[in-house]
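This report describes a two-chain protein model. The sequence and structure are shown first.

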Amino acid sequence: LSDLQTTLLPKPIEGFQVETLDGEVVLLHPTRNIIVHSNSTATLIWKLCNGQNTVEDIVRILGAAYPDARAQIKKDVPETIRKLMEQGVLDGN
Amino acid sequence: MNDKPQLKVSRRDAVKILAAAVGATALSNLPGKWTKPSLNVGILPAHALTSGHTLTVGADQIDNFCLSTALVSTVTISPADPGILMKYTIIPDPSITISSPPSLTGTALTNSSGVASLTFTAATSAAHAVTVGVEWEFANASDGTGNGTQLFTNLGC
């Protein structure tokens with residue numbers, strides 16, 4: 001993780017409608033015509049992006065919840081957050 | 001950048017934090033093991049979008065319709081858009097006769113102010129208070145969400 005990524009405080013961008021089904025989430029932005037489907041683990045990451053957890057916090061929380069996958073989580077969390085930011089779902093400022 | 005102190009998180013704490021994040025009722029939906037996160041991003045076709053309209057029905061009214069009387073029910077959508085098809089259902093007390101329109105259900109289009117209206121004719125001879133309701137909803141769910149009922153009450157003849 002780069003220093004920038006670990007200290008970001010990602011938070012949801014407003015305007016998305018959220019539909020949850022069996023732990024997976026569909027995010028729908030009516031005016032931007034965008035729809036994002038995330039599986040259960042991507043949903044966990046998105047839900048922890050509340051503007052209070054840093055990327056590093058999220059890695060640590062998920063790493064503690066899934067200790068067998070710590071190394072993978074360390075790679076997956078910043079990658080997923082970056083994708084969500086690129087799609088305009090998360091704000092990292 | 002921020003100066004937050006680093007969290008030390010036990011598995012128990014992590015589950016608590018996740019429960020708070022996903023909601024306690026959804027805790028059972030937590031994945032049992034970690035799988036690669038995946039995101040599928042798409043662009044919706046225009047016809048698949050919901051417009052986000054909501055509706056507000058007109059205020060309830062006290063009327064005298066002991067004699068056959070034309071009553072007007074209205075619904076206003078927000079944001080205002082013309083040409084949105086609204087469905088109405090007239091729900092009269094059994095002692096009320098609706099002489100028009102011929103069917104108790106139908107549709108009406110909104111005007112440029114986002115208002116759709118229904119003129120219906122009601123009559124009753126009941127000595128006690130009776131009510132007819134007009135329920136409004138979007139004819140097409142893709143146009144918006146919600147419903148509401150405007151009540152018209154005759155206090156007695």
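The text below covers confidence, chain A, the contact between the chains, and chain B.

**Confidence**

The model is predicted, not experimental. In chain A the mean pLDDT is 85, and 91% of the residues reach 70 or more. Within that chain, helix α1 (residues 3–7) has the lowest confidence, with a mean of 66. The highest confidence in chain A belongs to helix α4 (residues 70–86), at 93.

**Chain A**

Strands β2, β3 and β4 of chain A are linked in sequence order by pairing. Strand β2 (residues 17–21) pairs with strand β3 (residues 24–29) in the antiparallel sense, over five bridges. One of the residues involved is A:Val18, whose bridge partner in β3(A) is A:Leu27. Strand β3(A) is also joined to strand β4 (residues 34–38) by five bridges, and these two strands run antiparallel. Here A:Leu28 has A:Ile35 of β4(A) as its bridge partner.

Helix α2 of chain A spans residues 40–48. Why is α2(A) described as largely enclosed by the rest of the structure? Eight of its nine residues are buried, so the rest of the structure largely encloses this helix. The buried residues of α2(A) are A:Ser40, A:Thr41, A:Ala42, A:Thr43, A:Leu44, A:Ile45, A:Trp46 and A:Leu48.

**Contact between the chains**

The interface involves 32 residues of chain B, in contact with 43 residues of chain A. Between them the two chains bury about 3,400 Å², of which 62% is on carbon and sulfur atoms. Eight residue pairs are in polar contact across the interface, counting pairs with both residues at pLDDT 80 or more. Two salt bridges are counted between chain B and chain A. In a salt bridge between the chains, the side chains of B:Lys36 and A:Asp76 meet at 3.0 Å, N to O. On the side of chain B that touches chain A, α1 (11–22) and β1 (39–43) of chain B each supply at least two residues. Helix α1(B) gives the most to that side, with six residues.

**Chain B: overall make-up**

Chain B has one helix and ten strands. Along the sequence the helix comes first and the strands follow, in the pattern α-β-β-β-β-β-β-β-β-β-β. Of the 157 residues of chain B, 35% count as buried. Among contacts in chain B between residues at least 6 apart in sequence, 68% join residues at least 24 apart.

**Chain B: strand β7**

In a regular strand the side chains alternate between the two faces of the sheet. Strand β7 (residues 105–109) of chain B shows this alternation. The side chains of B:Gly106 and B:Ala108 point to one face and are buried. Those of B:Thr105, B:Thr107 and B:Leu109 point to the other face and are not buried. Strand β7(B) pairs with strand β5 (residues 85–92) of chain B in the antiparallel sense, over five bridges. In this pairing, B:Leu85 has B:Leu109 of β7(B) as its bridge partner.

**Chain B: three residues**

The table gives the relative accessible area of three residues of chain B.

| Residue | Relative accessibility | Class |
|---|---|---|
| B:Val115 | 24% | partly exposed |
| B:Gly156 | 30% | partly exposed |
| B:Gln150 | 2% | buried |

B:Val115 lies in strand β8 (residues 115–124) of chain B. Beyond its neighbours within four places in sequence, B:Val115 is in contact with B:Thr74, B:Val75, B:Thr76, B:Leu109 and B:Thr110. The C-alpha atoms of B:Val115 and B:Gly83 are separated by 9.6 Å, with these positions 32 residues apart along the chain counted as their separation.

B:Gly156 is found in the segment after β10 (147–154) of chain B. Not counting residues up to four places away in sequence, B:Gly156 touches B:Cys66, B:Ala126, B:Ala127, B:His128 and B:Ala129. B:Gly156 and B:Val130 are 26 residues apart in sequence, and their C-alpha atoms are 7.3 Å apart.

B:Gln150 lies in strand β10 of chain B. Which side chain does that of B:Gln150 join in a polar contact of 2.7 Å? The partner is the side chain of B:Ser73. With residues up to four places away in sequence left out, the residues that B:Gln150 touches include B:Val57, B:Asp60, B:Val72, B:Ser73, B:Val132 and B:Val134.

Conventions
Residues are numbered from 1 along each chain as its sequence is written. Chains are lettered from A and ligands numbered from 1 in the order in which they are written. Side-chain values use heavy atoms; hydrogens and water are left out. Buried means under 20% relative accessible area, exposed over 50%, partly exposed in between (1.4 Å probe, protein chains only). Helices (H or I, at least four residues) and strands (E, at least two) are DSSP runs, numbered from the N terminus. Two strands pair if DSSP finds at least two bridges between them. pLDDT is the predictor's confidence in each residue, from 0 to 100. Contact means heavy atoms within 4.5 Å. Buried area is the accessible area (1.4 Å probe) that two parts lose on being put together, summed over both. A salt bridge is a side-chain nitrogen of Lys or Arg within 4 Å of a carboxyl oxygen of Asp or Glu. A polar contact is a pair of N or O atoms within 3.5 Å; within protein, one must be able to donate a hydrogen and the other to accept it, and residues adjacent in sequence count only if both atoms are side-chain atoms.
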